[in-house]
Amino acid sequence: MLTVNELSYSFTDTGVGKSVLDNISIHVQAGEFVSIIGESGSGKSTLFGLISGLLQPEQGEIILNGKLTHQRLGKVGYMPQKDLLLPWRTVLDNIILPIEITKGSLEEKKEGIRKWLIRFGLSDYEKFYPHELSGGMRQRTAFLRTLMTGKNLLLLDEPFGALDSFTKRSMHEWLLGIWEDLNKTVLFITHDLEEAILLSDRIYVLKRFEKSCIEVKIPLSRPRCSEFIYTQEFLKIRKSLERLLR
Amino acid sequence: MKDSCKTRIKSYGPFVLMTILIGCIWEWSVNKEIIPSFILPAPTSILQALIEHREVLFEVHLLATLKEVVIGFVLSVIVGIMLGICMHFSKALEKIIYPFLVISQTIPLIAISPIFIMWFGYSIWSKVAVTFLIAFFPIVISTYDGLKLRGTDYSNLLLTMGANRWDIFKKIQIPMGLPTFLSGLKMAIVYCVVGATIGEWLGASEGLGYFSRRMSGNMEADALFAAVFLLSLLGIILFLIISIIERQILKKRYY
Ligand SMILES: Nc1ncnc2c1ncn2[C@@H]1O[C@H](COP(=O)(O)OP(=O)(O)O)[C@@H](O)[C@H]1O
Ligand SMILES: [Mg+2]
């Protein structure tokens with residue numbers, strides 16, 4: 001699905017090159033849920049900018065769907081760190097934005113949109129404007145918009161990062177509940193260890209100063225539910241990961 | 001409904017009270033001959049003059065001025081938007097147009113009006129030209145500045161969806177620029193009334209500016225004030241119309 005080989009990137013707009021990513025390699029298989037965890041400033045969002053095609057790598061290669069190309073814009077579903085819902089559009093109009101851009105037929109997708117609005121708990125709010133929504137609903141709207149790109153690979157940049165712990169918990173429950181039906185591949189950024197373990201099949205740990213990228217497999221079975229965080233197995237994984245992060 | 005009535009009173013009440021108070025003091029001081037009535041006629045005599053001259057004032061002069069304002073406004077909106085968009089899309093055009101824009105605003109109107117009269121005579125077009133010259137400037141600038149609000153994050157998001165430059169212009173830049181543009185529109189409509197009046201002063205056979213100048217020559221202070229009153233009323237009403245349109249367009253969007 002996605003392979004990133006020995007990728008390096010630095011921001012050069014300030015004159016001197018500021019190395020953000022150095023020799024990063026990751027891979028994601030179809031249907032996997034993979035998280036990238038790391039402290040802020042470790043270059044997670046930059047990595048997404050590179051994969052989505054907004055930035056081009058300095059060194060290394062990004063192989064999408066088996067193809068190595070510079071033209072990656074419009075090939076993945078990207079949910080940015082800020083929700084970036086257009087304030088002048090209603091929930092429904094925000095969601096259909098990717099369909100408008102790709103000149104897809106709304107008529108054909110109407111059924112699908114209706115179904116997902118219900119699954120996302122947004123069907124009563126489709127006429128609302130973003131500022132009338134709670135934080136959790138805004139994130140779900142942004143997530144649904146990303147889903148509507150129809151792309152198989154979704155890049156989610158800290159989708160629950162700004163939510164309070166209660167809302168976050170219910171979002172986890174909800175996401176685990178729809179994951180099997182979603183039928184997508186997800187690359188997920190977070191700085192919340194518990195969230196990463198609960199949701200992912202694999203985790204990459206990005207370290208800011210060592211500029212390295214360590215892979216960790218999560219052997220929890222699916223389907224999962226948010227109760228998993230109290231199991232012995234979960235705590236063991238969590239302990240070993242915390243040691244890694246230190 | 002009741003609530004909105006209350007908030008109306010709250011927001012406009014002080015202004016109305018103040019106006020009434022000033023009107024009373026004004027009336028009183030003219031009656032007591034503290035201020036001579038040929039310098040400042042009393043509100044009641046202005047009203048009388050308004051009623052006395054109502055036929056020419058409303059049917060001839062107000063109509064003539066309104067026509068100049070509307071034509072000048074429509075022209076400046078059309079040309080202003082086109083110039084603003086051209087400047088937005090082409091750096092080269094921006095470099096060419098911008099100096100001319102600034103020059104057009106630094107020429108004293110009084111100096112350039114005789115030229116317009118030479119070109120267009122005493123027809124409506126000499127007045128429209130002055131109106132246009134004043135009003136198109138805020139429209140170009142507000143269109144250009146509004147489109148400059150790039151909303152980089154939004155644009156990047158659309159790019160990842162596979163958008164082209166035209167998509168981003170339509171779906172991000174126009175909606176983002178709209179508030180700035182509408183502010184420019186409000187400014188322009190007020191300038192239009194000013195422009196039309198100046199145009200009429202400098203040479204016309206009808207219009208409120210022409211009428212007030214004639215009355216000033218005749219030392220008919222109350223008729224002159226009646227015309228000035230109508231002019232400011234016209235400006236206020238046009239401004240309110242644009243404000244209402246603005247509110248309709250931006251209704252629910254901003255926090
Ligand atoms: N446009 C930019 N120009 C220069 N430096 C940037 C830019 N964007 C991000 N950076 C820097 O790159 C580093 C990584 O940023 P980012 O990828 O946003 O990290 P993360 O998402 O992991 O918090 C930070 O030190 C940040 O200051
Ligand atoms: Mg980030």
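Which residues does Arg89(A) touch, not counting residues up to four places away in sequence? Figure 3 has the answer, but first some ground rules. This is a predicted model, where local features need pLDDT of at least 70 and side-chain atom pairs count only at pLDDT 80 or more, while totals for chains, interfaces and linings use all residues. Residues are numbered from 1 along each chain as its sequence is written, chains are lettered from A and ligands numbered from 1 in the order in which they are written, and side-chain values use heavy atoms, with hydrogens and water left out.

**Figure 1. Here is ligand 1 with the residues that surround it.** The shell takes in Phe11(A), Asp13(A), Lys18(A) and Val20(A), plus the run Glu39(A), Ser40(A), Gly41(A), Ser42(A), Gly43(A), Lys44(A), Ser45(A) and Thr46(A). To get into this shell, a residue needs a heavy atom within 4 Å of the ligand. Sorted by class, that makes 2 nonpolar, 6 polar and 4 charged residues. The sorting goes like this: Ala, Val, Leu, Ile, Met, Phe, Trp, Tyr, Cys and Pro are nonpolar, Asp, Glu, Lys and Arg are charged, and the others, Gly among them, are polar. Strand 2 (18–28) and helix 1 (44–52) of chain A each chip in at least two shell residues, and helix 1 gives the most, with 3. Helices here are DSSP runs of H or I with at least four residues, strands are runs of E with at least two, and both are numbered from the N terminus.

Now for some short distances. A polar side-chain atom of Thr46(A) sits 2.5 Å from an oxygen atom of ligand 1. Backbone atoms join in too: a polar one of Gly43(A) is 3.1 Å from a ligand oxygen, and an N or O of Ser42(A) is 3.4 Å from one. On its own, ligand 1 exposes 560 Å², and the protein buries 66% of that. Accessible areas come from the Shrake-Rupley method with a 1.4 Å probe, and for residues only the protein chains shown count as cover.

**Figure 2. This view shows the magnesium ion (ligand 2) and its protein donors.** Ser45(A) offers its OG and Gln81(A) its OE1, at 2.1 to 2.4 Å from the ion. Ser45(A) belongs to helix 1 of chain A and Gln81(A) to the loop between strand 6 (77–79) and helix 2 (91–95), so the pair ties together parts that are 36 residues apart in sequence. Donors are N, O and S atoms within 2.8 Å of the metal (3.2 Å for Na, K and Ca), and water is not among the atoms, so sites may look incomplete. Ser45(A) is partly exposed, at 30% relative accessible area, and Gln81(A) is partly exposed as well, at 40%. For these labels, buried means under 20% relative accessible area, exposed means over 50%, and partly exposed is in between (1.4 Å probe, protein chains only).

What about the rest of helix 1? Its buried residues are Lys44(A), Thr46(A), Leu47(A), Phe48(A), Gly49(A), Leu50(A), Ile51(A) and Ser52(A). That is 8 of 9, so the helix is largely enclosed by the rest of the structure. Right after the helix comes Gly53(A), with a positive phi near 100°.

**Figure 3. Meet Arg89(A), in the loop between strand 6 and helix 2 of chain A.** Back to the opening question: Arg89(A) touches Asn94(A), Leu97(A), Glu100(A), Tyr129(A), Pro130(A) and Lys171(B). Contact means heavy atoms within 4.5 Å. The side chains of Arg89(A) and Glu100(A) share a polar contact of 2.9 Å. A polar contact is a pair of N or O atoms within 3.5 Å; within protein, one must be able to donate a hydrogen and the other to accept it, and residues adjacent in sequence count only if both atoms are side-chain atoms. Arg89(A) is buried, with 12% relative accessible area.

**Figure 4. Next up is Ser76(B), in helix 3 (residues 54–89) of chain B.** Ser76(B) counts as buried, at 0% relative accessibility. Its side chain reaches the backbone oxygen of Phe73(B) at 3.1 Å. Leaving out residues up to four places away in sequence, Ser76(B) touches Ile81(B), Phe132(B), Ala135(B), Phe136(B) and Ile139(B). As for the chain around it, chain B has 10 helices and 0 strands, and 42% of its 255 residues are buried.
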